[in-house]
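User: I am new to this structure and would like to go through it by question and answer. Please begin with its pocket and then turn to the sheets, the backbone and the metal sites.

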Amino acid sequence: MKQAVQSDKPQRMQSNAVQNNQELPVDYYLINFQQLIHFVLEAYDDLLSADEKSFAGDFLALSAPARMLYVRLLCRKHNAFRLDKLQYSEIGNLNDASAELESAGFVILNPLFSVDQASRLFTKPELIQHIQSHAEFSRGSPESPRISGLKQLKRDELENIWQSMQSPVTDVLKKSESGVRDQALDQAWLRSIDPQQENLCGTALVDISKIATTVVVNRSEHFDVFRLCFFGNLYQDMTDFVLRDLGLMRYESYVIDQNNRPFETRKQLIAHLDYFRISAVVSGVNELTTNDILVVEALLPESTDNHLERRLDRLRIAFARQLERLDEFEHAEKLYNKCTRAPARERRVRMLMKQEQWQSAFALCQDVLNCVVSDEEAQILSGLAARIARKCDIPFADPWAYKPPLEHAKLINAGDSVEQQAAEHYRQCGSCFYTENTLIDGVFGLAFWDVIFAPVRGAFFNPFQVGPADFHQLEFSLLRRDLIDEKFHQLEQPGELKRQVDLFFQQKQGIVNPMVNWRYLSEELLQLAIDRIPVVDWLAIFRRFLLDTRSNRSGLPDLIVFPDKPSMDGCRYRLVEVKGPGDSLQKNQIRWMRFFAEQGIDHAVCHVSWSDEKSPDHE
DNA sequence: GTTTGTGCGG
DNA sequence: TTCACACCATCGG
DNA sequence: GATGGTGTGTCTCCGCACAAACAT
Ligand SMILES: [Mn+2]
Ligand SMILES: [Mn+2]
């Protein structure tokens, strides 16, 4: 008998999500859209271009049905539609609405399409029908035997046949005025920017208005700007409004200062916009050629702030990594040198090692180790330095080398995940939870709830943020130094940690927090953990979180064990990382364990091996 | 007829 | 807009 | 053992309709 959907991953509580099944007004999407537009018009007046403002103005001047249809289309994944297939009963007559939209330039009706775009607008049965009637029309063609087996063909093949039957429009003027962008043609677009490559002008365009009425969204790039201003990114969209209004997502009610804006200058705004557009186009980095990369990299904007710099570094490092695969070490080196973030310098060392330039590699290691940007970088560079030193007979002791205590367990494989089974094993002598990062991250998120959501300047600028904008920046702690000092001062008082964690757990139940995943936090586990783990241990862990909120939130051991009887040194809890056959410790796991050793926190790695039923559970 | 995956909508 | 972790193939000491 | 590449489950929801591929 199978259990009802038992998740493999850490112990999860039943979802008791309280859904206020509120009814939304029929035009909820228009209301939300206009709310966003008005918010941005007001708060970003000085950053918007004339074009963007007239986009908003023109839109707001439309009739309600037209506005509704535009928003409907804008929110959908693709930008080209069959008008006859759209069904929005709440809008009324779609022909009228789309005609109004066209005259205001918000859509294009019956444009010319590339054959790729065009064939995507039809279903398989429709393609078959077109092909058949085309064959009938030009009867006597030698292709007729193929007709009977059309249903067996895959969609792609049918599209190819269909496309080969279309006769391209040759009028060049019409082509340029139609202005239809194909979202899927981005790779081609990329190559078309490069003058050395063949550009898109050769693409055949077809007119399908005889077969179907089509509508293509226009001017949507201006909405991107509004969205970017509002959310501070381009990956959130209008669904956030709905999720909130349906009670599916609950955001903390932090104070939004009107002066808080993610962008302060037009230049900064455009730089971010350019970044997002370019990164969307080159999403498949490991298919890019050397030339692609060099062309696109040159188009990247200058960094204007930490957020953009991080994103640019990440993209450049991905580019450079691909250049490494293509054996273009010099080009890769140049890109890495533009990056301040990890793992740029690590990669430079590795490239030198691949080229067997041991002296330069070792020297670079030492340079980097004098000014590392993170523990992770220090750990990796130390390891590399140690390897090079061994090779070249240079004395070098790796300060990050650490071997955690080992345990072994021989278990009968019952099919569950190895962590679940190891947890069961530890339950022989206490209680044990498979929590990975969720418990300790969660307690931190609860204990520091008011610090995390403190109305620091620039931290909150829209109602849909899971945390402050700078939560993952290294400056997070610096900008909240006093609040954090005060928090530690409070938590040092006896019973205060428990009190505050309980308080926020009750008060904030279900509200999103970057460190809290409510699904994995049960009251029982929380009580036990706060009860058993000494406050000094908690505070030490919290301080480590605050040093680097991004990388220290992960790497915590799989299991937490609460032994029934304290061991001889009075330990009342231990943290155990489970390793099945063929798995080994990750870098961040080692860093946490090294930290546990420094703090005197009981920890171990449990190596599980499978037994064939004879003598299980042997340590 | 099934299954599977995607996109939509609230 | 992932991310964190596990798993696997490969290679060299 | 180290490394790089890949896969998995999960992430901010979840039911539904539709289309396509497959036939357990
Ligand atoms: Mn794990
Ligand atoms: Mn593990």
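User: How much space lies in the second largest pocket?
Analyst: The model is a predicted one. In it, the space in the second largest pocket comes to about 1100 Å³.

User: Which element gives the largest share of the lining of the second largest pocket?
Analyst: The lining consists of 43 residues, and those nearest the centre of the pocket are H307, F461, P468, A469 and D470. Two elements, α12 (266-281) and α14 (306-325), give two or more residues to this lining. The largest share is 5 residues, and the element that supplies it is α14.

User: How many residues of the lining of the second largest pocket are nonpolar, polar and charged?
Analyst: The 43 residues of the lining can be divided by the character of their side chains. The division gives 16 nonpolar, 16 polar and 11 charged.

User: In the open sheet of 5 strands, which are the edge strands?
Analyst: The strands of this open sheet follow the order β6-β10-β9-β8-β7, and their pairing is mixed. An edge strand pairs on one side only, and that description fits β6 and β7.

User: What is the average twist in that sheet from one strand to the next?
Analyst: The sheet is the open one of 5 strands with mixed pairing. From each strand to the next, its twist averages 30°.

User: Which residue of β8 stands opposite Y434?
Analyst: The strands β7 and β8 pair over 5 bridges in the antiparallel sense. Within this part of the sheet, the residue of β8 opposite Y434 is L559.

User: Why is one side of β1 and of β2 left without a neighbour in the sheet?
Analyst: These strands belong to an open sheet of 3 strands with the order β1-β5-β2 and antiparallel pairing. Both β1 (80-82) and β2 (107-109) stand at the edges, so one side of each lacks a neighbour because each has a single partner strand.

User: Which residue of β5 stands opposite A80?
Analyst: The strands β1 and β5 (residues 214-217) run antiparallel and are joined by 3 bridges. In β5, the residue opposite A80 is V216.

User: Which peptide bond is cis, with omega near 0°?
Analyst: Most peptide bonds are trans. Here P343 is found in the loop between α15 (329-337) and α16 (344-354). The cis bond is the one that leads from A342 to P343.

User: Is E356 buried or exposed?
Analyst: E356 lies in the loop between α16 and α17 (358-369), and its phi is near 60°, a positive value in a residue other than glycine. Exposed means over 50% relative accessible area. The relative accessibility of E356 is 57%, so this residue counts as exposed.

User: Where is D393 found, and is this residue buried or exposed?
Analyst: D393 also has a phi near 60°, positive although the residue is not glycine. Its place is the loop between α18 (375-392) and β6 (406-412). With a relative accessibility of 72%, D393 counts as exposed.

User: Which residues are the protein donors of the manganese ion (ligand 1), and how far apart in sequence are the parts that the pair ties together?
Analyst: The protein donors are E436 (OE) and D558 (OD), at 2.0 to 2.1 Å from the ion. E436 lies in the loop between β7 (430-434) and α20 (438-447), and D558 in the loop between α26 (535-547) and β8 (559-563), so the parts tied together by the pair are apart in sequence by 122 residues.

User: Is D558 buried or exposed?
Analyst: The other protein donor of ligand 1, E436, counts as partly exposed at 25% relative accessibility. Buried means under 20% relative accessible area. D558 has a relative accessible area of 2%, so this residue is buried.

User: Which residues are the protein donors of the manganese ion (ligand 2)?
Analyst: Along the chain, these donors follow the spacing D-x18-E-V. They lie 2.0 to 2.3 Å from the ion and are D558 (OD), E577 (OE) and V578 (O).

User: Which residue coordinates both manganese ions?
Analyst: The manganese ion (ligand 1) and the manganese ion (ligand 2) are 3.5 Å apart. The residue that coordinates both is D558.

Technical notes: Residues numbered from 1 in each chain as written. Chains lettered and ligands numbered in written order. Predicted model: local features only at pLDDT ≥ 70, side-chain atom pairs only at ≥ 80, totals over all residues. Heavy atoms only, no water. Donors = N, O, S within 2.8 Å, 3.2 Å for Na, K, Ca; no water. Helix = DSSP H or I, 4+ residues; strand = E, 2+ residues; numbered from the N terminus. Buried < 20%, exposed > 50% of the residue type's maximum accessible area, 1.4 Å probe, protein only. 1 Å grid on protein atoms, 1.4 Å probe; cavity = no way out; pocket = protein on both sides within 12 Å on 5 of 7 lines; lining within 4 Å. Points joined across faces, edges and corners; volume = space filled by probe spheres on them. Nonpolar A, V, L, I, M, F, W, Y, C, P; charged D, E, K, R; others polar. Pairing = 2+ DSSP bridges. Axes fitted to C-alpha atoms, helices over the stretch in contact; angles between N-to-C directions.
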